[in-house]
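I opened this notebook to record what I looked up in the structure, entry by entry. My topics were charge pairs, a cysteine pair, one strand residue and backbone angles.

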Amino acid sequence: QVQLVESGGGLVQPGGSLRLSCAASGSIFRVYAMAWYRQAPGEQRELVAAITSGTRTNYADSVKGRFTISRDTAKNTVYLQMNSLKPEDTAVYLCNQALQITGTGPVKNYWGQGTQVTVSS
C-alpha cells in the first residue's frame with residue numbers, strides 16, 4: 001500500500017516563505033512525475049507546479065518566479081519552496097505522484113491528504 005504524507009504547511013505573513021514536503025512510502029517500484037496542486041474554499045483544484053522524472057518543471061503563471069518545485073527521487077520525495085507568499089496563495093496544498101508498484105504494473109496517480117497554507121497578517 002502506498003501512502004503520500006505532506007508536511008510543512010502553516011500560517012505565514014504576506015511576503016514570508018514556507019517549504020512543503022511530500023514523501024511516498026510503501027512498496028514502490030518507480031516514481032515518474034510529481035506535482036503540487038492547491039484548492040481554496042469554493043474553488044476548483046489547480047495545478048501549482050510539476051516536475052518530470054527528467055526534472056523538467058512547469059508552473060502556474062500565478063506562482064512563476066516565487067515557487068520552486070524539486071525532487072529527491074531516491075527518497076520518493078517532492079518539495080515546494082514558496083517565497084514571497086501572498087494572501088491569494090491561501091489553500092490546501094496536495095501532492096500527487098505518478099508511480100508504479102511493480103515493474104510490469106500500470107502507472108497510477110496517488111494523492112496526499114493535503115496540508116493547509118494560510119497567508120495572513
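I began with accessibility, for which I call a residue buried when its relative accessible area is under 20%, exposed when it is over 50%, and partly exposed in between, using a 1.4 Å probe and protein chains only. The model is predicted, so I kept to the rule that local features need pLDDT of at least 70 and side-chain atom pairs count only at pLDDT 80 or more, while totals for chains, interfaces and linings use all residues. Residues are numbered from 1 along each chain as its sequence is written, and side-chain values use heavy atoms, with hydrogens and water left out.

Entry on salt bridges. I took a salt bridge to be a side-chain nitrogen of Lys or Arg within 4 Å of a carboxyl oxygen of Asp or Glu, and a search of the whole structure under that rule returned four of them.

I looked first at Arg66, which pairs with Asp89 at 2.8 Å between the closest N and O atoms. Arg66 sits in the loop between strand E6 (57-59) and strand E7 (67-72), and Asp89 in the loop between strand E8 (77-82) and strand E9 (91-100), so this salt bridge ties together parts that are 23 residues apart in sequence. For these labels, helices (H or I, at least four residues) and strands (E, at least two) are DSSP runs numbered from the N terminus. I noted that Arg66 is buried at 10% relative accessibility, and that Asp89 is buried as well, with a value of 1%.

I then turned to Glu46 and Arg38, whose side chains form a salt bridge with an N to O distance of 2.6 Å. Here Arg38 is buried at 6% relative accessible area, whereas Glu46 is partly exposed at 34%. I also recorded that Arg38, Glu46, Arg66 and Asp89 are linked in a network of salt bridges.

Another salt bridge on my list joins Lys64 to Asp61, with N to O at 3.1 Å, and in this pair Asp61 is exposed at 66% relative accessibility.

Entry on the disulfide. Which residues does the disulfide join? With a disulfide defined as a pair of cysteine sulfur atoms within 2.5 Å, I found a count of one, and it joins Cys22 to Cys95 with an S to S distance of 1.8 Å. Cys22 belongs to strand E3 (residues 18-25) and Cys95 to strand E9, so the pair ties together parts that are 73 residues apart in sequence. I checked accessibility too, and both Cys22 and Cys95 are buried.

Entry on Asn96. I placed this residue in strand E9, where Asn96 is buried at 7% relative accessibility. Counting a contact as heavy atoms within 4.5 Å, and leaving out residues up to four places away in sequence, I listed Leu4, Ala33, Met34, Ala35, Tyr37, Asn109, Tyr110 and Trp111 as touching Asn96.

Entry on backbone angles. I looked for positive phi values because most residues other than glycine have a negative phi. Asn76 has a phi near 50°; this residue lies in the loop between E7 and E8 and is buried, at 18% relative accessibility. Ser84 also has a phi near 50°, a positive value in a residue other than glycine. I located Ser84 in the loop between E8 and E9, and noted that Ser84 is partly exposed, with a relative accessible area of 41%.
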